[in-house]
Amino acid sequence: MKRKIIGLLVVALFMLVTIAGCTQAPASEAPASAPASEAQAPASEPAQAPASEPAQAPASEPASAPASEPASAAPASAAPAVDMSGAKIKISFAHGFPEKDPRGATYKWFAEEVFKRTNGEVGIMVAPSESLVKNNEAFRAMMTGSCDMEALSSTFASTEAKEFAPLDIPGALDPEKLRATHEAIKPVLEKIFAKYKMHYLYTSDEGRTTFYVSKKKAITVKKPEDLKGLIIRDHGVWVGKSIKAWGGSPMTVPPSDVSVAFERGTVDAGYTGWPFVNAFKLYESAPNVTMVGFQNMFSMIAITDTAWNKLSPEQQKIVQEVGEESIEYNIDLTKKNYAMFEKNVADAGGSIYIMTDEEKAVFNDLLEPVRKEAEAAGGDLSKELAEALKSVK
């Protein structure tokens with residue numbers, strides 16, 4: 001009997017504890033949940049404020065500025081990277097531009113489109129910013145099979161294959177007629193690349209050329225005489241010859257070293273396409289910009305014959321089609337990105353002077369001897385290429 005009574009007392013005591021616990025639980029949770037909700041409120045308010053402030057800031061800038069920042073780079077680079085590890089055929093693709101540069105963004109888009117349209121069978125593994133191969137070693141890397149595909153600049157390619165030399169002379173082509181130029185010279189480029197066991201695919205927009213001058217010199221270049229005494233960064237043999245013909249002193253500096261060269265005073269100015277100036281933020285060191293308007297070399301996306309022959313005829317067709325579409329994709333990104341370039345220069349305290357046609361003609365006329373030298377550099381094929389360039393109206 002005692003055991004039963006004791007058992008009943010234990011059960012009763014357990015029930016009382018349980019009831020007490022249940023009635024106290026809400027009281028204990030309420031304070032816990034209240035701080036939690038209070039913590040969320042402040043968290044959500046700051047989160048909203050910054051989100052609205054950046055959104056409003058660009059809105060106060062030129063209408064094209066916000067569009068250029070995400071449209072020129074973010075759509076391609078901000079999207080999650082496509083996993084191509086399961087592709088049956090993998091092709092390495094090296095280039096020298098940041099992913100947010102219009103060219104870098106375009107190459108990423110190109111690779112992803114090929115992967116999608118081949119149902120995941122062809123994976124083009126893009127290596128940006130010279131992470132796989134240096135620009136000046138790119139053509140050689142393809143010749144030796146170190147890389148399957150490259151965005152080759154005619155400037156560096158012409159040191160290995162002199163047939164490309166006519167493409168490097170300022171004024172050789174109209175940058176506003178990139179598509180027409182691509183179509184006119186493609187048959188000749190295919191002949192040249194075939195000689196080196198490669199296959200030409202498409203081109204990308206290098207933008208119009210600029211002189212960008214350091215803060216220390218603070219010169220607005222309008223005539224060749226303005227270049228006298230200036231050490232000017234070039235990006236290849238023929239560009240250097242052109243700068244010399246204009247009266248400047250050329251110095252070749254790798255892309256990654258240009259900012260440091262300005263900081264140390266190694267160079268006073270540079271000459272290249274504005275997308276390069278924008279991508280590497282050179283307007284911070286050299287905010288005095290003159291838009292010359294010539295083409296900045298010629299970009300050639302090419303693939304080795306070995307890699308090309310791994311693809312089926314259907315896959316080759318897809319790669320060619322996407323390459324052709326990439327030209328327009330890139331041109332569109334470049335145009336949108338220019339508004340950002342203007343803003344970046346202005347924010348750096350600089351200015352952009354646009355040469356008149358008359359001023360530009362003076363620079364162009366001085367290059368005639370260099371142009372003839374380039375046309376003869378690569379024999380019959382360089383002469384054929386020069387004629388094809390002249391045919392573009």
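How many helices and strands are there in the protein chain? Colour the model by secondary structure and you can count 15 helices and 11 strands. Bear in mind as you go that this is a predicted model.

**Stop 1: the whole chain**

Start with everything selected. The protein chain has 393 residues, and buried residues make up 48% of them. Now switch on a surface: the chain exposes about 18,800 Å², with carbon and sulfur atoms supplying 57% of that area. For a feel of how the chain folds back on itself, consider its contacts with a separation of 6 or more: residues 24 or more positions apart account for 78% of them.

**Stop 2: the largest cavity**

Next, go looking for empty space. Rolling a probe the size of a water molecule over the atoms shows where such space is left. In this structure there are 2 cavities of 30 Å³ or more, and the largest holds about 240 Å³ of space. To centre your view on the largest cavity, select F97, N135, S153, F156 and M297, which are the closest to its centre among the 20 residues that line it.

Now show the cartoon around that spot. Three elements each give two or more residues to the lining: α5 (138-143), β3 (149-153) and α6 (154-160). Which of the elements supplies the largest share of this lining? Strand β3 does, with 3 residues. Colouring the lining of the largest cavity by residue type will give you 10 nonpolar, 7 polar and 3 charged residues.

**Stop 3: the second largest cavity**

Keep M297 selected, as this residue is also on the lining list of the second largest cavity. Here the space comes to about 70 Å³. To display the rest of its lining, add L173, P175 and L178, then S204, D205, E206 and G207, and finally Q295, N296, F298 and S299. By type, the lining of the second largest cavity splits into 5 nonpolar, 5 polar and 2 charged residues.

**Stop 4: T106 in helix α4**

For the last stop, select residues 102-117, which form helix α4, and pick out T106 within it. Is T106 buried or exposed? T106 counts as buried because its relative accessibility is 0%, where the cut-off for buried is under 20%.

Show the side chain of T106 as sticks and look towards P102: the side chain reaches the backbone oxygen of P102 at 2.7 Å. Then bring up S326, Y329, N330 and L333, the residues T106 is in contact with once its neighbours within four places in sequence are left aside.

Terms used:
Residues numbered from 1 in each chain as written. Predicted model: local features only at pLDDT ≥ 70, side-chain atom pairs only at ≥ 80, totals over all residues. Heavy atoms only, no water. 1 Å grid on protein atoms, 1.4 Å probe; cavity = no way out; pocket = protein on both sides within 12 Å on 5 of 7 lines; lining within 4 Å. Points joined across faces, edges and corners; volume = space filled by probe spheres on them. Helix = DSSP H or I, 4+ residues; strand = E, 2+ residues; numbered from the N terminus. Nonpolar A, V, L, I, M, F, W, Y, C, P; charged D, E, K, R; others polar. Buried < 20%, exposed > 50% of the residue type's maximum accessible area, 1.4 Å probe, protein only. Polar contact = N/O pair within 3.5 Å; in protein donor to acceptor, adjacent residues only side chain to side chain. Contact = heavy atoms within 4.5 Å. Areas by Shrake-Rupley, 256 points an atom, 1.4 Å probe, with all protein chains shown as cover.
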